[in-house]
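I sat down with this one and kept a running notebook. Below is the thing itself, then my entries.

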Amino acid sequence: MPTYETLPRFATDLDRLTPEQRRKFRQTVAAFVEDLRTGSFRAGLRIKRVHRAAGIYELTWSMGTGPAGRATWQYGPEHRPGTPHVIWRRIGTHDILTGP
């Protein structure tokens, strides 16, 4: 099981989401964790590097009506050998990319 941590800004962003948006994020994270284990991300997660932000990635998912949900993250130092460690940075809509 991959390890993770959240930055304070991520926690603040997460609190701003509706319960339904948080539920959709949890569903997306389940697929994300599964893919971390295999080492290959499925196309539906739309994972890509954030331009002009070295080492930071974006994960995108549908939040139903309205803009797509996004979360930014980066790999951190492994806490357990051979196990990826993810640092969640921001969560919300496209607006979070101004300060990923």
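The entries go from the ground rules to the sheet, the long helix, the pocket and a few single residues.

**Ground rules**

I am working from a predicted model, where local features need pLDDT of at least 70, side-chain atom pairs count only at pLDDT 80 or more, and totals for chains, interfaces and linings use all residues. Residues are numbered from 1 along each chain as its sequence is written, and side-chain values use heavy atoms, with hydrogens and water left out.

**Sheet order**

I looked up the strands and helices first; these are DSSP runs numbered from the N terminus, helices being H or I with at least four residues and strands being E with at least two. Five strands make an open sheet with mixed pairing, and I read the order as S1-S5-S4-S3-S2. S1 and S2 are at the edges with a single partner strand each, so one side of each has no neighbour in the sheet. For pairing, I took DSSP finding at least two bridges between two strands.

**Who pairs with whom**

I started at S1, which runs parallel to S5 and is joined to it by four bridges. Thr6 has Trp88 in S5 as its bridge partner. At the other end, S2 (residues 48-49) pairs with S3 in the antiparallel sense over two bridges, and I found Arg49 opposite Tyr57. S3 and S4 (residues 69-76) also run antiparallel, with six bridges between them; there Thr60 stands opposite Arg70.

**Strand S3**

How many residues of S3 are buried? I counted six of six across residues 56-61, where buried means under 20% relative accessible area, exposed over 50% and partly exposed in between (1.4 Å probe, protein chains only). In a regular strand the side chains alternate between the two faces of the sheet. I checked the directions here: Ile56, Glu58 and Thr60 point one way, Tyr57, Leu59 and Trp61 the other, and all are buried.

**Helix H2**

I put a ruler along H2: its 20 residues reach 29 Å from first C-alpha to last, close to the 28 Å expected at 1.5 Å a residue. The expected span is 1.5 Å times one less than the number of residues. I listed its buried residues, among them Phe25, Val29, Phe32 and Leu36, but also Lys24 and Asp35. The buried residues of H2 pack against H1, S3, S4 and S5, contact being heavy atoms within 4.5 Å. Right after H2 I noted Gly39, with a positive phi near 85 degrees.

**Largest pocket**

A pocket, on a 1 Å grid over the protein atoms alone, is an open set of points where a 1.4 Å probe fits, with protein on both sides within 12 Å along at least five of seven lines; lining residues have an atom within 4 Å of a point. I got about 240 Å³ for the largest one, the volume being the space filled by probe spheres set on the points, which are joined across faces, edges and corners.

Which residues lie nearest its centre? Tyr4, Phe25, Val29, Val33 and Trp88 do, out of 14 lining residues. S1 (3-6), H1 (8-16), H2 (19-38) and S5 (85-92) each supply at least two residues of the lining, and H2 gives the largest share, five. I sorted the lining into twelve nonpolar, two polar and no charged residues. My classes were Ala, Val, Leu, Ile, Met, Phe, Trp, Tyr, Cys and Pro as nonpolar, Asp, Glu, Lys and Arg as charged, and the others, Gly among them, as polar.

**Leu14 and Thr83**

I picked Leu14 in helix H1; at 23% relative accessibility, Leu14 counts as partly exposed. Leaving aside neighbours within four places in sequence, Leu14 is in contact with Arg22 and Ile91. Thr83 sits in the loop between S4 and S5 and counts as buried at 15%. Not counting residues up to four places away in sequence, Thr83 touches Met1, Pro2, Thr3 and Glu78. I also took the C-alpha separation of Leu14 and Thr83: 25 Å, with their positions 69 residues apart along the chain.

**Positive phi**

Most residues other than glycine have a negative phi, and most peptide bonds are trans. I went looking for exceptions. Arg46, in the loop between H2 and S2, has phi near 45 degrees and is partly exposed at 42%. Arg52 is in the loop between S2 and S3, with a positive phi of about 60 degrees. Is Arg52 buried or exposed? Exposed, with a relative accessible area of 86%.
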